[in-house]
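Colleague: I am new to this one and would like a close look at a single part of it, with enough of the surroundings to get my bearings. Could you walk me through it?

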Amino acid sequence: MIHWPRVTQLREEVGAEDFEEVVDLFLEEVEEVITRLRQAPDRSLLEKDLHFLKGSALSLGFQSFSALCQDGERQSAAGHADTVDLDAIINSFEASKSVFQSELPGHI
């Protein structure tokens, strides 16, 4: 679910002292989009939203979540935004975030 080598790489890139702030910023930005998708999804913006989520997910090492976002982005680009399983994407984010936060101390 989490690609820990990517998390380690991010920590090295931003520095140990700024890592927590960067992670908090990523999570905050992702949660804003997730909240919008949960409460009032605009399928006409879905390709753009999923592209953003995919990039953020890759930065944090959220592999499963990123893959679902990529699949949804492709579906949206092909004109099938209405078939994207938003619940699966949102649930994957929540599960990834939970694993990330609980296991992060053991990986840094």
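Colleague: To begin with the whole chain, what radius of gyration does the chain have, and how does that fit with what a compact globule of 108 residues would have? After that, please take me to the annotated residue, His51.

Modeller: Happy to! Please keep in mind that this is a predicted model. The chain has a radius of gyration of 14 Å, and this agrees with a compact globule, because a globule with 108 residues would have a value near 13 Å. Along the principal axes, the C-alpha atoms fill a box of roughly 40 × 20 × 20 Å. Inside that box you will find five helices and zero strands, so the pattern read along the sequence is simply α-α-α-α-α. Among the contacts with a separation of 6 or more, 68% join residues 24 or more positions apart. As for the surface, 39% of the 108 residues count as buried, and the chain exposes about 6,000 Å², with carbon and sulfur atoms supplying 49% of that area. The side chains include 9 positive and 21 negative ones, and the centres of these two sets lie 4 Å apart.

Now to the part you asked about. His51 sits in helix α3, which covers residues 46-60. An unreviewed UniProt entry annotates His51 as "modified residue: Phosphohistidine". Is this residue buried, exposed or in between? His51 has 45% relative accessibility, so it counts as partly exposed. When you turn the model, look for helix α3 and then pick out His51 within it.

Methods
Residues numbered from 1 in each chain as written. Predicted model: local features only at pLDDT ≥ 70, side-chain atom pairs only at ≥ 80, totals over all residues. Heavy atoms only, no water. Helix = DSSP H or I, 4+ residues; strand = E, 2+ residues; numbered from the N terminus. Rg over C-alpha atoms; globule rule 2.2 N^0.38 Å. Buried < 20%, exposed > 50% of the residue type's maximum accessible area, 1.4 Å probe, protein only. Contact = heavy atoms within 4.5 Å. Areas by Shrake-Rupley, 256 points an atom, 1.4 Å probe, with all protein chains shown as cover. Lys, Arg positive; Asp, Glu negative; His and termini not counted. Charge placed at Lys NZ, Arg CZ, Asp CG, Glu CD. UniProt positions renumbered as here; feature names shortened; annotations may be inferred.
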